[in-house]
Amino acid sequence: MDPFIRQFGEYNAKTNTYAIPAYFLSFMNSFVFIGFAVGIYIGSVISARYGRRMTVFGMSLWALCSATIIITATTKEQMLVSRILNYLYIGMELSVIPVFQSEIMPAPVRGFAVGSYQMSIGLGGLIINSVCRGTSTLTTNAAWRIPMGLYYIVPTIVGSSVWFIPESPRFLLSKARVEEAKVSLRRLRVDKSASAIDTEVESILLSLEAEKDNGTYSDLVKGTNLRRTLIVMGTNFFLQATGQSFSSSYGTVFIKSLGTVNAFTMAAVNTSLNAVGSFIGMVLVDKVGRRPILCVGSFMQGAVLLTMGGVGSIATQTVQTKSAVVAMTTLFGFTFSTGWAPLTYIISSEMGEQKLRDKTQRVGSWVNVLTNFVVAFTLPYLLNAPYAALGAKVGFIFGPIAITACIWAFLCVPECRGRSLEEIDLLFHYKVSAISSSRWVAPSVIQELSNVAHGEGKEIEEEKV
């Protein structure tokens with residue numbers, strides 16, 4: 001927006017225009033991950049110690065404070081600091097919401113529920129971009145302050161209503177609060193009979209008993225936990241390494257630089273399609289499974305990125321070629337939102353065992369943040385002159401990474417569709433390979449967890465696979 005650029009940009013006397021320098025764009029979209037990383041740590045610590053609801057309440061209060069600092073910003077420095085503080089809230093949110101959703105939902109719809117986290121991001125982006133499109137014609141600072149004023153709405157609603165939501169029964173059982181966990185499960189389950197509730201409580205308690213570790217960081221790399229940790233780290237790495245920041249953080253600026261369409265109109269179109277893609281991913285994840293969506297999604301991302309790079313390599317850039325590049329950025333955002341965007345949160349929240357779930361999510365999120373920081377920091381220098389000035393040719397960098405992500409997902413990520421978190425524990429205990437995981441039939445959960453808890457579990461036999 002022109003008022004935002006005038007307020008926080010630098011004046012160029014030669015061109016008689018204001019512009020935000022590349023270094024500050026880099027700072028704005030990379031330094032925020034300092035707050036993101038701190039928020040992940042604080043959120044997961046509070047979540048593990050005081051519960052999921054307390055974390056949601058605390059992060060909502062923090063969001064209201066950071067929103068006030070953002071909306072009153074008058075200098076580049078204040079805007080940068082306020083964004084870093086706001087991302088602390090986002091880090092807390094990432095550390096608790098997918099885990100909370102995963103723990104309270106029954107297995108058949110867990111993927112759909114956790115996938116709604118990405119859906120909410122898409123809908124939020126659609127609303128913000130639509131408001132930005134409406135205010136982009138204003139000539140005062142109200143053009144950018146109105147959209148940022150929306151930051152007050154969601155934290156206010158969430159913070160005031162979170163206490164009406166049941167606490168995670170798995171968290172309560174990890175704190176030996178059995179009766180409270182039963183009350184929570186009765187509110188969360190369709191079958192409220194005593195036998196059904198007692199059976200689920202028993203399976204969770206046996207799963208906790210079967211976990212031989214003490215819930216320390218070193219336990220993340222011991223035994224079967226090493227495989228689980230590496231899956232979460234790899235999924236979060238490829239989520240960002242395929243260049244999603246190009247679309248989400250720099251997409252509007254990049255499209256505006258091409259001069260073919262209204263950048264804010266295109267941003268609204270892209271966020272609309274991304275929201276549709278997220279919904280499609282939500283619906284398919286519990287029907288088709290995790291692995292097919294990851295593999296197809298990353299392959300499509302790679303194809304789109306390589307196509308964009310090829311079009312961007314044409315010596316003479318016409319309106320048609322620039323429009324094709326815009327179309328590729330739209331398709332990239334759609335394929336990303338359908339596949340890796342929702343699936344990463346689902347996989348990260350269901351891979352860790354109960355005692356390590358918060359730490360597993362924390363480590364995976366840190367990989368997410370670090371990778372996103374590197375990509376976001378380097379993108380302005382890759383895209384713009386007088387640096388690399390690759391423009392659309394960045395597709396040649398991120399495209400091969402997306403193809404690598406497809407291969408990695410096929411070889412490493414097990415299928416957890418329709419499995420309870422306790423069945424997933426058994427899947428790793430029996431060392432079922434990712435490729436054969438779709439065909440694996442889980443044995444009696446309570447009996448097998450009881451065997452594992454008492455040291456009687458056996459390695460899976462070949463015919464079970």
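A crossing of two helices is left-handed if the near helix is turned anticlockwise from the far one by less than a right angle. In this predicted model, the crossing of helices α16 and α18 is left-handed. The residues that make this contact are R290, I293, L294, G297, S298 and Q301 on the α16 side, and W340, L343, I346, I347 and E350 on the α18 side. Sorted by class, the contact of α16 with α18 holds 6 nonpolar, 3 polar and 2 charged residues.

Two packed helices are described by the angle between their axes and the distance between the axes. For α16 (residues 290–312) and α18 (residues 340–351), the angle is about 140 degrees and the axes are 10 Å apart. Angles over 145 degrees count as roughly antiparallel and those from 65 to 115 as roughly perpendicular; α16 and α18 are therefore oblique to each other.

A second pair is formed by α10 (residues 178–188) and α11 (residues 194–210), whose axes cross at roughly 125 degrees and come within 10 Å. By the angle, α10 and α11 are therefore also oblique to each other. Here α10 passes α11 in a right-handed crossing. From α10 the contact takes V178, K182, L185 and R186; from α11 it takes I197, D198, E200 and V201. What is the class make-up of the contact of α10 with α11? The residues divide into 4 nonpolar and 4 charged, with no polar ones.

The next stop is a single residue, S82, which lies in helix α5 (residues 76–104). Is S82 buried or exposed? Buried means under 20% relative accessible area, and S82 counts as buried because its relative accessibility is 0%. The side chain of S82 reaches the backbone oxygen of M79 at 2.8 Å. Leaving aside residues up to four places away in sequence, S82 touches I69 and I70.

The last element is helix α21, which spans residues 421–429 and is mostly covered. How many of the 9 residues of α21 are buried? The count is 8. The buried residues of α21 include the acidic side chains' positions E422, E423 and D425, and L421, I424, L426, L427 and F428 are buried as well. Just after α21, K431 takes a positive phi of about 60 degrees.

Terms used: Residues are numbered from 1 along each chain as its sequence is written. This is a predicted model: local features need pLDDT of at least 70, side-chain atom pairs count only at pLDDT 80 or more; totals for chains, interfaces and linings use all residues. Side-chain values use heavy atoms; hydrogens and water are left out. Helices (H or I, at least four residues) and strands (E, at least two) are DSSP runs, numbered from the N terminus. Buried means under 20% relative accessible area, exposed over 50%, partly exposed in between (1.4 Å probe, protein chains only). A polar contact is a pair of N or O atoms within 3.5 Å; within protein, one must be able to donate a hydrogen and the other to accept it, and residues adjacent in sequence count only if both atoms are side-chain atoms. Contact means heavy atoms within 4.5 Å. Axes are lines fitted to C-alpha atoms, for helices over the stretch in contact, and angles run from 0 to 180 degrees between N-to-C directions. Angles under 35 degrees count as roughly parallel, over 145 as roughly antiparallel, 65 to 115 as roughly perpendicular and the rest as oblique. Ala, Val, Leu, Ile, Met, Phe, Trp, Tyr, Cys and Pro count as nonpolar, Asp, Glu, Lys and Arg as charged, and the others, Gly among them, as polar.
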